[in-house]
Amino acid sequence: FIKLYYSKNSIPSEIIINRKAWNNKSDKKALEGYLTRLKGSKVEFIIPQRGDKVKLIEIAEKNAHYLLENKILQELQDKLNLPELPQTIECFDISNLGDEHIVAGMTQFKDGKANKTAYRKFEIQSTLGKQDDFAAMREVVYRRYHRLQKENKEMPELIIIDGGKGQVTASMKALKQLNLQIPLIGLAKQDEEIVLPNSNDTLKFKKTSPMMLLIRKIRDATHTLVINYNRQKRKIKMRKEALQLNLPQGNN
């Protein structure tokens with residue numbers, strides 16, 4: 001990359017890098033010699049350990065990360081035909097064990113990064129005693145955005161639902177009930193296909209593309225959040241049951 005880049009761009013006397021771009025000292029000398037001949041004066045590589053040059057490296061890394069994330073978000077907007085750049089993405093998942101411990105989790109990602117302070121966990125209220133993932137998803141999506149409406153807070157530019165057509169349809173019903181038009185997609189687990197509302201078609205992209213890696217990263221973070229919450233609720237219930245079994249007869 002260094003050879004290609006500086007064969008087409010002006011060459012500075014000092015090239016500051018964050019790690020070695022050579023295997024040994026002779027490789028470094030050869031690379032510096034090549035660039036010195038192109039420039040017509042001495043060129044030196046520097047890997048700073050402290051001071052202002054380290055700060056320059058840190059700024060460059062942050063800028064590169066921002067540009068990369070922005071490029072991925074731009075790809076998301078283009079591929080999904082979104083009206084705005086999805087700078088804020090929220091994702092929902094449901095977890096249950098039979099008819100008990102039905103809970104939901106929501107993660108929020110801003111500019112491609114997890115915003116853990118905005119993560120939310122929900123106890124499902126509308127499906128007590130029965131397993132109904134569709135109703136549970138409708139409830140939690142409604143509760144989330146009804147609250148944002150009441151508090152007059154900004155809505156996300158994209159909602160991701162961990163699930164297929166049924167979960168997506170249920171979520172869209174909740175948004176319609178709130179008179180909200182927020183772009184929403186589902187991510188079907190089996191084939192990692194993107195499920196679209198109001199359409200029987202699905203979108204398929206290369207699973208290892210930057211866009212799909214981001215979507216899967218968000219989905220996986222949400223799945224981890226809700227699974228851990230489910231386990232926590234089960235442990236609490238098991239402790240309560242154990243305590244009740246150990247109570248003296250006079251306290252029954």
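A residue is called buried when its relative accessible area is under 20%, and this cut-off underlies the description of strand E7 in the first view, which, like the others, is taken from a predicted model.

**Figure 1. Strand E7 (158-162) is covered on both of its faces.** Leu158, Ile160 and Asp162 lie on one side of E7, Ile159 and Ile161 lie on the other, and all of these residues are buried. In a regular strand the side chains alternate between the two faces of the sheet. Because 5 of the 5 residues of E7 are buried, the strand is largely enclosed by the rest of the structure.

**Figure 2. Strands E7 and E8 (184-188) run parallel and are joined by 4 bridges.** Within this pairing, Ile159 has Leu184 of E8 as its bridge partner, and Asp162 stands opposite Leu187 of E8. From E8, Leu184, Gly186 and Ala188 point one way while Ile185 and Leu187 point the other way, and every one of them is buried. As 5 of the 5 residues of E8 are buried, this strand too is largely enclosed by the rest of the structure.

**Figure 3. The largest nonpolar core of the model holds 24 residues.** Phe92, Val140, Val141 and Tyr145 are the members of this core that touch the most other members. At least two residues of the core are supplied by each of strand E3 (88-97), strand E4 (100-110), helix H4 (133-150), strand E7 (158-162), helix H5 (165-177) and strand E8 (184-188). Helix H4 provides the largest share, with 6 residues. A second core, separate from this one, has 21 residues, including Ile89, Cys91, Leu158 and Leu187. In soluble globular proteins, nonpolar side chains tend to be buried together.

**Figure 4. The surroundings of Val140 are shown beyond its close neighbours in sequence.** When neighbours within four places in sequence are left aside, Val140 is in contact with Phe92, Ile94, Ala104, Phe122 and Ile124. Val140 is also one of the residues that touch the most other members of the largest nonpolar core.

**Figure 5. Helices H4 and H5 cross at roughly 35°, and their axes come within 8 Å.** The crossing is right-handed. From H4, the residues Asp133, Phe134, Met137, Arg138, Val141, Tyr142 and Tyr145 take part, and they meet Gly166, Gln167, Ala170, Ser171, Lys173, Ala174, Leu175 and Gln177 of H5. Sorted by class, this contact between H4 and H5 is made up of 8 nonpolar, 4 polar and 3 charged residues. Val141 and Tyr145, which belong to the H4 side of the contact, are also among the residues that touch the most other members of the largest nonpolar core.

**Figure 6. Asp111 and Asn152 are two loop residues with positive phi.** Asp111 lies in the loop between E4 and strand E5 (113-114), and its phi is near 50°, a positive value in a residue other than glycine. With a relative accessible area of 33%, Asp111 is partly exposed. Asn152 is found in the loop between H4 and E7, and its phi, near 55°, is likewise a positive value in a residue other than glycine. At 71% relative accessibility, Asn152 counts as exposed.

**Figure 7. Ser13 is located in the loop between helix H1 (2-6) and strand E1 (14-16).** Its relative accessible area of 40% makes Ser13 partly exposed. Ser13 and Ser41 are 28 residues apart in sequence, while the distance between them in space is 7.7 Å from C-alpha to C-alpha. Not counting residues up to four places away in sequence, Ser13 touches Lys39, Lys42, Val43 and Glu44.

**Figure 8. Thr208 has its place in the loop between strand E10 (202-203) and helix H6 (210-245).** Thr208 is exposed, with a relative accessible area of 52%. With residues up to four places away in sequence not counted, Thr208 touches Leu213 and Arg216.

**Figure 9. The whole chain, with 6 helices and 10 strands, gives the setting for the close-up views.** Of the 252 residues of the chain, 37% count as buried. Among contacts between residues at least 6 apart in sequence, 62% join residues at least 24 apart.

Notes
Residues are numbered from 1 along each chain as its sequence is written. This is a predicted model: local features need pLDDT of at least 70, side-chain atom pairs count only at pLDDT 80 or more; totals for chains, interfaces and linings use all residues. Side-chain values use heavy atoms; hydrogens and water are left out. A nonpolar core is a set of buried Ala, Val, Leu, Ile, Met, Phe, Trp, Tyr and Cys residues joined through side-chain atoms within 4.5 Å. Buried means under 20% relative accessible area, exposed over 50%, partly exposed in between (1.4 Å probe, protein chains only). Contact means heavy atoms within 4.5 Å. Axes are lines fitted to C-alpha atoms, for helices over the stretch in contact, and angles run from 0 to 180 degrees between N-to-C directions. A crossing is left-handed if the near helix is turned anticlockwise from the far one by less than a right angle, and right-handed if clockwise. Ala, Val, Leu, Ile, Met, Phe, Trp, Tyr, Cys and Pro count as nonpolar, Asp, Glu, Lys and Arg as charged, and the others, Gly among them, as polar. Two strands pair if DSSP finds at least two bridges between them.
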